[in-house]
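Biologist: Please zoom in on the aromatic side chains for me, and then on the charged pairs that go with them.

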Amino acid sequence: MNIRFILMILLCAIFLQTRAQCFIQGKETLQTNETSTYTLTNNTAQCEECHQWTVIDKNAAIEGNNRLKDAKIKGISGGKATIALSGISEKGPFQCSKTIDIVTPIAQILNLNPSDNTNCDIKTSVFTEKKQGSKIIFIPDAIAEKNIYSWTLTSGDGSQTTLYGKTPELDIEQQTPAITQIQLKIQSGSCLKTITKSYIPGFWMGLQ
């Protein structure tokens, strides 16, 4: 085998090993307006301010100096945000990233006091489930751009997951145990409407 080819393979392996040593430690979920510190572990750049932090998405932002080993990240809006870090250590260049969820606290997006009333302007009465590949999309029968939608998913073991948005998506293959109930809360300017739907065992496996 060509010696130059073998050397190239070894150099690539060393480079990949160095990159693998870069790891960002910090919270998996941030609330909007919350700030948390994320730290580089298993590696360090050649000088104190030789690190480079960036946030790829607009759902979060860096507060303060983005050149240190630690970075303060603030949640801006609901969704996912990817934090990226790069630098050069004594072992060579490193680069890693971490994707976090930015969530809006339910108390901020829903007025907890209003109740359903006969003059409620929310037209949604039901929602359906549509499968696309490994994902499930939840679709209300009527959508208003001004309204706020919060989906609480309850699994068979009692654990709950909350999704936000008018037509949220869920990777159903990673949802174990299966969902047994979904509660949709819709907030308009004048009222709050709740729609609850229960599911029998095997529903998600048979969904087309």
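Modeller: The structure holds six aromatic pairs, where rings of Phe, Tyr and Trp (its six-membered ring) pair if their centres lie within 6.5 Å, and planes under 30 degrees apart count as stacked, over 60 as edge-to-face and the rest as tilted. Bear in mind that this is a predicted model, with local features needing pLDDT of at least 70 and side-chain atom pairs counting only at pLDDT 80 or more, while totals for chains, interfaces and linings use all residues. Residue numbers run from 1 along each chain as its sequence is written, and side-chain values use heavy atoms, with hydrogens and water left out.

Take Phe 127 and Trp 151: their centres are 5.1 Å apart with 80° between the planes, an edge-to-face pair. Phe 127 sits in strand 9 and Trp 151 in strand 11 (residues 148-155), so this contact ties together parts 24 residues apart in sequence; strands here are DSSP runs of E, at least two residues, numbered from the N terminus. Both rings are buried, Phe 127 at 2% relative accessibility and Trp 151 at 0% (buried is under 20% relative accessible area, exposed over 50%, partly exposed in between, with a 1.4 Å probe and protein chains only). Then there are Tyr 199 and Trp 204, with centres 4.7 Å apart and planes at 40°, so that pair is tilted. Tyr 199 is buried at 8%, and Trp 204 is buried at 8%. Phe 127, Trp 151, Tyr 199 and Trp 204 join Phe 138 and Phe 203 in one aromatic cluster.

Now the charges. Lys 197 lies over the face of Phe 127, 5.2 Å from the ring centre (the rule: NZ of Lys or CZ of Arg within 6 Å of the ring centre and within 35 degrees of the ring normal). Lys 197 also makes a salt bridge with Glu 129, 2.8 Å from N to O, a term for a side-chain nitrogen of Lys or Arg within 4 Å of a carboxyl oxygen of Asp or Glu. That pair links strand 9 (residues 127-132), home of Glu 129, to strand 15 (residues 192-198), home of Lys 197, 68 residues apart. Glu 129 is buried at 12%, whereas Lys 197 is partly exposed at 26%.

By that rule there are six salt bridges. Another one joins Glu 28 and Lys 98 at 2.8 Å, N to O. Glu 28 lies in the loop between strand 1 (23-25) and strand 2 (29-31) and Lys 98 in strand 8 (residues 92-103), so parts 70 residues apart are tied together. Lys 98 is buried, at 10%.

Terms used:
Helix = DSSP H or I, 4+ residues; strand = E, 2+ residues; numbered from the N terminus.
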